[in-house]
Amino acid sequence: MVQGDESCSTQLIDGDGNFNVEGVAKFMEQVKLAECGLSYAVVSIMGPQSSGKSTLLNHLFHTNFREMDAYKGRSQTTKGIWMARCTGIEPTTVVMDLEGTDGRERGEDDTAFEKQSALFALAVSDIMMINMWCHDIGREQAANKPLLKTVFQVMMRLFSPRKTTLMFVIRDKSRTPLENLEPILREDIQKIWDSVPKPAAHKDTPLSEFFHVEVTALSSYEEKEEQFNEQVAQLRQRFFHSIAPGGLAGDRRGVVPASGFSFSAQQIWKIVRENKDLDLPAHKVMVATVRCEEIANEKYLKFASNEFWCQLEESVQSGPVVGFGKKISSLLNTYLSEYNSEAIYFDESVRSAKQKQLEEKLLQLVQPAFQAMLGHIRSETLDKFKEALEKALSNGEGFSVAAESCTTLFMDQFDERCKDIVIELGKWDTFKVRDKLQRDIEAHVAAVRAAKLAELATLYETKLNEALSGPVEALLDEAGDGTWPAIRKLLKRETELAVFGLSTALKGFDMDEITREKMLAKLDTYARSLVESKAKEEAARVLMRMKDRFATLFSRDSDSMPRVWTGKEDIRAITKTARSSSLKLLAVMAAVRLDEDRDSIESTLSSALVESGSSAASKRSLTMGDPLASSSWEEVPSSKTLITPVQCKSLWRQFQTETEYSVTQAIAAQEAHKRNNNWMPPPWAMVALVVLGFNEFMTLLRNPLWLGVIFVAYLLIKAMWVQLDISGEFRNGALPGLLSLSTKFLPTIMNLLKKLAEEGQAPPTPNPPQNPIQVSKSIYNGVNSSTAFSSSASSEITSSDDRVEHSSS
Ligand SMILES: Nc1nc2c(ncn2[C@@H]2O[C@H](COP(=O)(O)OP(=O)(O)OP(=O)(O)O)[C@@H](O)[C@H]2O)c(=O)[nH]1
């Protein structure tokens, strides 16, 4: 019945005490012991050498241990410890065949090995069979006595709460029935137990606390083989389901899960060899720790190299993976389940601790992928939010409503998508990323809001610009009394329109009243500043405008037709009107008048610049000082001042200088026109001719000295008359004019007197009669040239007024 191949007989520890790690691993693999969990039993047999142990095991468990050949004589066949699987016995039962205890070959050392192997067997086995000859029972010097003593001694060192079954197998039983032999044997056992020195804790502990003693007897294999076989077959039955409660291996407290058998055996042997105390409970924890760790590592490595996981990890780097959470969770569960099923029989606390460690390691491995997924979801949600908000706004939705609905929608979407990636085991919260998303969305909303508000503000500013710039420019161009009221009206109307428009648009923004009011006020301010800057621009061109206005009024008549200076026009009046109008323009431009505050700029300018020639104005100027010698207007704040009084004065001076030419030209044109049309002598000459009569006239002609004297006297009187008439005083050039005239005509008079003297000192002799027309012409020319002189002599701005006056007269 021996079936060697199936029993996988293997040497566990060799004769030199070396543990066969590889052999055991192979054995475990062949027997698939690791899969047994706790459902396995270990039986060992010890006893004197050549006491038929191997024979018994081979018959009892259908193993293939080497037996001694009966014909070759007794010698040691089993060296060290061998092990094999009990064929056909359920659950898996491993049997160990120990080296005989009283062999002849090993000498003194055998004792140590016996002790060590006994301790090892006792630590590892559920059932220990003690093989003994029947005739040794009750014998004082029996070979099994030291053996038993050893067993009991080492048992004290196991600190094990488990109960090992000690099965005494009596070989070559005699005719004495077992019922009679057993008490003697038990007595022997008790005696030995009592004689074994025990630690204080176990001083009074009965043997039954540690061992469950069984006794069986077998007939001689050599002499009564048939009986032997029958009894062995019966005994074999007791090993079936030995681990069940009440079975031979019923006490499972000390069992090491099968997957840890190899390591456990190895460690126990190591401790035994080192002659250290063997703390089986601690050993169990240690084995559990090591094994659970091994299992956990194995599962971790398997997970890390799992093809599906590797693909998933790679995919996550480039984009989101649908069903990520479920896929990872399922994978994790697979490997954790594997761990659990393999480690389930190890110490629970150790197993749980190692499982937790494995979970942590696996989660650490997976977390970057999870974070990457979260990142994808966050950025995708943010992008979609941006798109949706833009779309909603372009569809005309109110900003606040659109922002709120989009935020809610996409935060919900984020939460929903997070559910898809949740790895239950990880219990990683997504709050931080959610918060980040929320903050990003809020920041985007704020940015878009600010941009939209700026856009709106710009839009209404542009509208205001369009509505105000042109009209304000046109109004300022037509500067007059109604200019600023019209600008104010325009500004009010357009500002109200823009503010209303902006206010309506802002309703969609759900903003607080203060901010809203600020924006509207800003628009109002903008409108005002727009007008102010326009006015400033126009003020910078005021001189040009004044000149234009002067030119328009001076050189065009009321029908806007170009004037032809015929001599009938009142150049003085025209000049005055044109200048007044230009002064008005200056007054209008001098300050911004957006508020209805009254000012006296116009009257100040008028009195200081136009009426300055009048005696009243001069007196006022003398007593009160120059009202334009200031850099600010009295009633106008500097912020509203566009042209200061000083600038006005300077501008006016420049204006007058630059327009003077036009007046001069006009006067010249009038004179030229008169000259061209009046070839006849002037009327006074004609009248003189008639009044004085021909004779008198001839006398005068014959005596030109008198004529010259009369003529010079006339001119002097005339010049004085003109000066007095204009200024009312003999000032500003009247005297110089007379002197100048005298100087001018003195050489002529002197020449005439000289000529008369040369003609013989006699009373003037009448000259040949001259053409009266020619004479009157020369006189006329003389007047004209004096006028021209007068014009060139005065460089004062007011001199043109004199010329206007002169010309008119
Ligand atoms: N008298 C007797 N001899 C037996 C019995 N069973 C086996 N033998 C013989 O005893 C001898 C030793 O047998 P083994 O089974 O090799 O004994 P063992 O105890 O395994 O020997 P070691 O492993 O060397 O210690 C063999 O010649 C067997 O035939 C038995 O029941 N009675």
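Let's start at one point in a sheet: Ile 45 stands opposite Asp 97 in strand β4. The model you have here is a predicted one, and the chain holds 27 helices and seven strands. Of its 809 residues, 45% count as buried. From that strand pairing, the tour below moves to the nonpolar cores and then to the salt bridges.

**Strand β2 and its partners**

- Ile 45 belongs to one of two faces of β2: Ala 41, Val 43 and Ile 45 point one way, while Tyr 40, Val 42, Ser 44 and Met 46 point the other way.
- Both sets of side chains are buried, and for β2 as a whole (residues 40-46) the tally is seven buried residues of seven.
- The pairing of β2 with β4 (residues 92-98) is parallel and is made through six bridges.
- Strand β5 (residues 127-133) also runs parallel to β2, joined to it by four bridges.
- In that second pairing, Val 43 is the β2 residue that stands opposite Ile 127 of β5.

**The nonpolar cores**

- The largest nonpolar core takes in 178 residues, and four phenylalanines have the most contacts inside it: Phe 120, Phe 152, Phe 211 and Phe 324.
- Helix α13 (residues 348-394) gives this core its largest share, 16 residues.
- This core lies between domain 1 (9-276) and domain 2 (279-428), because both of them give residues to it.
- A second core of 24 residues lies apart from that one, and its members include Phe 65, Val 169, Phe 239 and Ala 249.
- For a close look at one of the phenylalanines, try Phe 120: leaving out residues up to four places away in sequence, it touches Leu 12, Ile 13, Phe 19, Ile 81, Met 96, Ala 265, Ile 268, Trp 269 and Val 272.

**The chain as a whole**

- Contacts between residues 24 or more positions apart make up 74% of the chain's contacts with a separation of 6 or more.
- The exposed area of the chain is about 42,100 Å², of which carbon and sulfur atoms supply 54%.

**Salt bridges**

- Side chains of opposite charge can pair when their charged atoms come close.
- The chain has 31 salt bridges.
- One of them joins Glu 473 to Arg 541, with 3.8 Å between the closest N and O atoms.
- Glu 473 sits in helix α15 (residues 431-477) and Arg 541 in the loop between α17 (513-540) and α18 (542-555), so this pair ties together parts 68 residues apart in sequence.
- Both partners are partly exposed: Glu 473 has a relative accessibility of 28%, and Arg 541 has a relative accessible area of 30%.
- The pair also belongs to a network of salt bridges that links Glu 473, Asp 477, Lys 534, Glu 537, Glu 538, Arg 541 and Arg 545.
- Asp 481 and Lys 584 form another salt bridge, with an N to O distance of 2.4 Å.
- Here the parts tied together are 103 residues apart in sequence, because Asp 481 lies in the loop between α15 and α16 (483-506) and Lys 584 in helix α19 (residues 571-589).
- The two ends of this bridge have contrasting surroundings: Asp 481 is exposed at 60% relative accessibility, whereas Lys 584 is buried with a relative accessible area of 16%.
- A further salt bridge joins Glu 517 and Arg 516 at 3.4 Å, N to O.
- In that pair, Glu 517 is partly exposed with a relative accessible area of 41%, whereas Arg 516 is buried at 18%.

**Asp 599 and its contacts**

- Asp 599 is found in the loop between α19 and α20 (601-610), and it counts as partly exposed at 26% relative accessibility.
- Setting aside neighbours within four places in sequence, Asp 599 is in contact with Arg 593, Glu 635 and Val 636.
- Asp 599 and Glu 635 are 36 residues apart along the chain, and their C-alpha atoms are separated by 5.8 Å.

Terms used
Residues are numbered from 1 along each chain as its sequence is written. This is a predicted model: local features need pLDDT of at least 70, side-chain atom pairs count only at pLDDT 80 or more; totals for chains, interfaces and linings use all residues. Side-chain values use heavy atoms; hydrogens and water are left out. A nonpolar core is a set of buried Ala, Val, Leu, Ile, Met, Phe, Trp, Tyr and Cys residues joined through side-chain atoms within 4.5 Å. Buried means under 20% relative accessible area, exposed over 50%, partly exposed in between (1.4 Å probe, protein chains only). Domain bounds come from an automatic or database domain assignment. Contact means heavy atoms within 4.5 Å. Accessible areas come from the Shrake-Rupley method with a 1.4 Å probe; for residues, only the protein chains shown count as cover. Two strands pair if DSSP finds at least two bridges between them. A salt bridge is a side-chain nitrogen of Lys or Arg within 4 Å of a carboxyl oxygen of Asp or Glu.
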